[in-house]
Amino acid sequence: MSTERITVAVDAMGGDNAPGEIVRGALDAVTELGVGVLLVGQENAIAPLLPDGRVPGIDIEHAGDVVAMDEDPAAAARRKKDSSLVRCAQAVREGRAQAMVGAGNTGATMAAALLRMGRVRGISRPAIAVPIPVPAGTRHQLLIDGGSTVDCTPEWLAQFARMGREYARTRLAVDEPTVGLLSNGEEPGKGDELRKRTFSLLEKVPGFHGNVEGRDLMHGTVDVVVTDGFTGNVVLKTLEGALRAAVELVFRVLDSTPEAKEAGKVVAPLLLDAAGAFDPDMTGGAVLLGVDGVCVISHGSSSARAIVNAVRVAQECVVTGVVGRLKEAIDAG
Amino acid sequence: MPAETHVAHGPIGPDEVYRILRERLAEILEIDEDRIKLESSFTADLDADSLALIELVEALEEELGERTVGFTIDDEDLGDLRTVQEAVDYVVARLGS
């Protein structure tokens, strides 16, 4: 990668907190990360949020249309060519940006990236690689797919496994990542037809550990957990909800007696600090693997901090050549 | 000749449309071209989902649009195209219209 400044196209209109939090995040990203940001969206909504209307390092590209969160993904990506989302992907395709970040409609982001950037040869469908914190471990796990491709074939899941392994090498610095297939039991015969047929394909994938269960997430049993996008998304939301409930329980206990309140004065700040690792805003975004460009998908309720961290992920992916390395690995079989 | 109907590289017949369609569809579905026949059903025989068909439409518009300016495929017509033959016939008709 040359020393030229990386430009990241950011969908200013995507997400529950757009454009305010997105623009604030873009401003902070330029300052903190030294990247250029191409803010794509309705200029009359973006410009008033910038100091004096203009900021060095930030360019605005006007897009007249917006893809709503509930729109049909493929149709929106095809029809709304003047949307901020499609224009972001187009900017990457045309080389005006080296990566894109979107916090809007996940399916439409996948479709726009696929249609505008193209696919990596050998990959039928993209998948979202989501880093999962492992409290007792030294590195994250990857869950793939986090929600990009809901209905999968066994062949696609095997492709996800190969992409996940290569991404774990690049981003988690694991030489020989291990792979597990998320199922309802560890034994090879467990699972529905999709899992059983996928299992036999994954046996040919280096590092395949076998089936893993939901309880293996966040415990580092394997480096890469493979599943379809429907299950993956349910798993992520379940983890989020369970963690929130666990935190609420702990703080209720720390508020339950005078002694607990005293202990809480010591413990609570430590717990809050530790809980930061599980804050989705700190992860920022997850990379869409399998498209011929860097696309980072941030969650719908992204704050400015989440956008900064998503841009950081995009920047790191460009610098480490994630897409090029993925292509080489897939070509090599 | 108006620019929007200008044909840059000569007329495109059914055989050429079939060749281009097979090539692009094989790339999209990651399958061998030999699996794609005129009588093949997109869904029943080739397992092409809606996203794959939209990829195909975009690829055809890009390639054929370079040769016949203004060539597009109506999204509303996509649901009626169940086989490769129907798609070839449709594209040929659009190119000639």
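**Figure 1. Pairing of strands E1 and E4 in chain A of the predicted model****.** In this predicted model, strand E1 (residues 7-11) of chain A and strand E4 (residues 99-102) of chain A pair in the parallel sense, and three bridges hold the register between them. One residue pair that fixes this register is A:Ala9 with its bridge partner in E4(A), A:Met100. Helix H4 (residues 84-93) of chain A lies across both of these strands as well as strand E2 (36-41) and E3 of chain A, and the helix runs at about 165° to E4(A). Elsewhere on the sheet packs helix H8 (residues 229-253) of chain A, which touches strand E5 (127-132), strand E6 (141-144) and E7 of chain A, and whose direction makes about 130° with that of E6(A).

**Figure 2. The open sheet of chain A****.** The sheet comprises 11 strands of chain A with mixed pairing, and the strand order is E3-E2-E1-E4-E11-E10-E5-E6-E9-E7-E8. Strand E3 (58-62) and E8 of chain A stand at the edges, where each has a single partner strand, so one side of each is left without a neighbour in the sheet. Direction ignored, neighbouring strands of this sheet are turned by 25° against each other on average.

**Figure 3. The β-α-β unit formed by E7, H7 and E8 of chain A****.** Strand E7 (residues 179-182) of chain A and strand E8 (residues 208-212) of chain A run parallel and are joined by four bridges. Within this pairing, A:Gly180 has A:Gly210 as its bridge partner in E8(A). Together with helix H7 (residues 193-202) of chain A, the two strands make a β-α-β unit that is right-handed.

**Figure 4. Backbone geometry in three loops of chain A****.** Most residues other than glycine have a negative phi, and most peptide bonds are trans. Against that background, the peptide bond that joins A:Ala18 and A:Pro19 is cis, with omega about -5°, and A:Pro19 has its place in the loop between E1 and helix H1 (20-33) of chain A. A cis peptide bond also leads from A:Ile144 to A:Asp145, here with omega near 25°; A:Asp145 is found in the loop between E6 and helix H6 (154-171) of chain A. The third view shows A:Ala173, which is not a glycine and yet has a positive phi of about 55°, and which lies in the loop between H6 and E7 of chain A.

**Figure 5. Packing of helix H1 of chain B against helices H2 and H4 of chain B****.** The axes of H1(B) and helix H4 (residues 84-96) of chain B come within 9 Å and cross at roughly 125°, and the two helices are therefore oblique to each other. This crossing is right-handed, and the contact is made by B:Pro14, B:Val17, B:Tyr18 and B:Leu21 on the side of H1(B) and by B:Val84, B:Ala87, B:Val88, B:Val91 and B:Val92 on the side of H4(B). Between H1(B) and helix H2 (residues 50-67) of chain B, the axes come within 10 Å and cross at roughly 135°; this pair is therefore also oblique, and its crossing is right-handed. Here B:Ile20, B:Leu21, B:Arg24, B:Leu25, B:Ile28 and B:Leu29 in H1(B) meet B:Ala52, B:Glu55, B:Leu56, B:Ala59, B:Leu60 and B:Glu63 in H2(B).

**Figure 6. Contacts between chains A and B****.** Nine residues of chain A are in contact with seven residues of chain B. On the side of chain A that touches chain B, the elements that give two or more residues are helix H3 (73-79) and helix H5 (106-117) of chain A, and H3(A) gives the most, with four residues. The axes of H5(A) and H2(B) come within 10 Å and cross at roughly 35°, in a right-handed crossing. In this helix pair, A:Ala111, A:Leu114 and A:Leu115 in H5(A) meet B:Leu51, B:Ile54, B:Glu55 and B:Glu58 in H2(B). For the complex, the predictor gives an ipTM of 0.76 and a pTM of 0.90.

**Figure 7. Predicted confidence along chain B****.** Chain B averages a pLDDT of 86, and 89% of its residues score at least 70. Among the elements of chain B, helix H1 (residues 14-29) has the highest mean pLDDT (94), whereas helix H3 (residues 75-78) has the lowest (82). Over residues 1-7 of chain B the pLDDT is below 50, and beyond near neighbours in sequence this stretch has seven contacts in the model.

Note on methods: Residues are numbered from 1 along each chain as its sequence is written. Chains are lettered from A and ligands numbered from 1 in the order in which they are written. This is a predicted model: local features need pLDDT of at least 70, side-chain atom pairs count only at pLDDT 80 or more; totals for chains, interfaces and linings use all residues. Two strands pair if DSSP finds at least two bridges between them. A crossover is right-handed if, with the strands pointing away from the viewer, the path from the first strand over the helix to the second runs clockwise. pLDDT is the predictor's confidence in each residue, from 0 to 100. Two residues are in contact if their C-beta atoms, placed from the backbone, lie within 7 Å. Axes are lines fitted to C-alpha atoms, for helices over the stretch in contact, and angles run from 0 to 180 degrees between N-to-C directions. Angles under 35 degrees count as roughly parallel, over 145 as roughly antiparallel, 65 to 115 as roughly perpendicular and the rest as oblique. A crossing is left-handed if the near helix is turned anticlockwise from the far one by less than a right angle, and right-handed if clockwise.
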